[in-house]
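Colleague: I would like a close look at one part of this protein. Please take me through one helix, its packing partners and any enclosed space beside it.

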Amino acid sequence: RFLDDVVTANAYVPAVPQLKVAADRARRIGLGIMGLGDLMYHAGIRYGSAEAEEFAAQVMEFVRYHCMITSVELAKERGPFLAINGSTYDPADLKWTPPTSLTAYRHNYKRPAIDWPTVVEGIKKHGIRNACQTTVAPTGTIATVAGCEAYGCEPAFALAYIRHVNDNGKDLQLTYTSPLFEKALIEAGIGEAARKEIVQEVMAHGTCQDVAAVPEQLRRVFVVSQDITAEEHVRMQAAIQRFVDNSLSKTCNFPESAMEEDVAQAYLLAWELGCKGLTVYVTGSRQKVVLETHATAKAKEEPTAVAP
């Protein structure tokens, strides 16, 4: 409801008359999610696994369903979007069909029931207020402000890292360590001295996967972006995309050793699975970044050998 109000109240779009017309005719909005990676830490689900694909799909389907239910209610109150006639949502010739998951659901997470036929009947009777309803934005800064460790639909970047902040032209470096990871270590019965040693090891590379003192169960769940394969990143995006009608923000992380063929395979898989776009990032490929691990920052400081 707030986003639909924003379409009307937006003070920037009218500066370009054509944009104002387009916005009013379609009333596109982008309801999304934030902190999916945090939720998986809480639920004990490894981001990138087959279970995580299903979990993310169920979460996003829940959001899309209730977003559309509310958009139909808004159409009843305020009228459908002006360009609905002849569109996929045209009540007289409805071509839209409820979205389905890439794979059949196998787990019951006690999610409230979803009734897609109710949405179909609602559109036939009242139309729908918004031509597009959902997206997943990067939410980098607002996720940090809200206390989320993972942005948008991403996994956590690292369990410990450096955040670069532009402080009036100066590079202010803030060190971050995952509160959820520290809490999990405490709940696992690991003493203070051992926890400090673990955190020091994690600080170097941002991951706990090679830290022997971390229990295997925690290593399985507390994965970060670099621990997830390119294919797993893409499949997570595709699972979510099935319930997002706009595009969504998702990064496919590659190690420094990635080749052109690896990137090409990721893009082809994304296309085959129905993703609308894909962002790839190769570790260390950019000099200036917002987030980086201590290892990456140290590598930048080391002098590069010059061939004679």
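Modeller: One cut-off comes up front: angles under 35 degrees count as roughly parallel. Keep in mind that this is a predicted model.

Now to helix α4, which covers residues 50-78. Take its pairing with helix α5, residues 116-126. The two axes come within 10 Å and cross at roughly 25°. That angle falls under 35 degrees, so α4 and α5 are roughly parallel to each other. The crossing of α4 past α5 is left-handed. On the α4 side, the contact uses Glu61, Arg64, Tyr65, Met68, Ile69, Val72, Ala75 and Lys76. On the α5 side, Trp116, Thr118, Val119, Gly122, Ile123 and His126 take part. By class, this contact has 8 nonpolar, 3 polar and 3 charged residues.

Next comes helix α3, residues 36-43. The axes of α3 and α4 come within 11 Å and cross at roughly 120°. That makes α3 oblique to α4. Their crossing is right-handed. Here α3 offers Leu36, Leu39, Met40 and Ala43. They meet Ala52, Phe55, Ala56 and Val59 of α4. The contact of α3 with α4 counts 8 nonpolar residues, with no polar and no charged ones.

Then there is the enclosed space. Rolling a probe the size of a water molecule over the atoms shows where empty space is left. Searching the whole structure turns up 1 cavity of 30 Å³ or more. The largest cavity holds about 40 Å³ of space. Which residues line the largest cavity? They are Glu53, Glu54, Ala57, Ser101, Leu102, Thr103, Tyr105 and Ala239. Helix α4 gives the most to this lining, with 3 residues. By class, the lining has 4 nonpolar, 2 polar and 2 charged residues.

One lining residue leads on to another helix. Ala239 lines the largest cavity, and helix α10 spans residues 230-241. What does α10 pack against? Its partner here is helix α11, residues 260-272. Their axes come within 10 Å and cross at roughly 25°. That makes α10 roughly parallel to α11. The crossing of α10 and α11 is right-handed, whereas that of α4 and α5 is left-handed. Glu231, Val234 and Arg235 of α10 meet Ala266, Leu269 and Ala270 of α11. This contact divides into 4 nonpolar and 2 charged residues, with no polar ones.

Back to α4, to put the pieces together. Helix α4 is oblique to α3 and roughly parallel to α5. Its residues Ala52, Phe55, Ala56 and Val59 meet α3. Glu61 and Lys76 are among those that contact α5. Helix α4 also supplies 3 residues to the lining of the largest cavity.

Methods: Residues numbered from 1 in each chain as written. Predicted model: local features only at pLDDT ≥ 70, side-chain atom pairs only at ≥ 80, totals over all residues. Heavy atoms only, no water. Axes fitted to C-alpha atoms, helices over the stretch in contact; angles between N-to-C directions. Helix = DSSP H or I, 4+ residues; strand = E, 2+ residues; numbered from the N terminus. Parallel < 35°, antiparallel > 145°, perpendicular 65-115°, else oblique. Left-handed = near helix turned anticlockwise from the far one by under 90°. Contact = heavy atoms within 4.5 Å. Nonpolar A, V, L, I, M, F, W, Y, C, P; charged D, E, K, R; others polar. 1 Å grid on protein atoms, 1.4 Å probe; cavity = no way out; pocket = protein on both sides within 12 Å on 5 of 7 lines; lining within 4 Å. Points joined across faces, edges and corners; volume = space filled by probe spheres on them.
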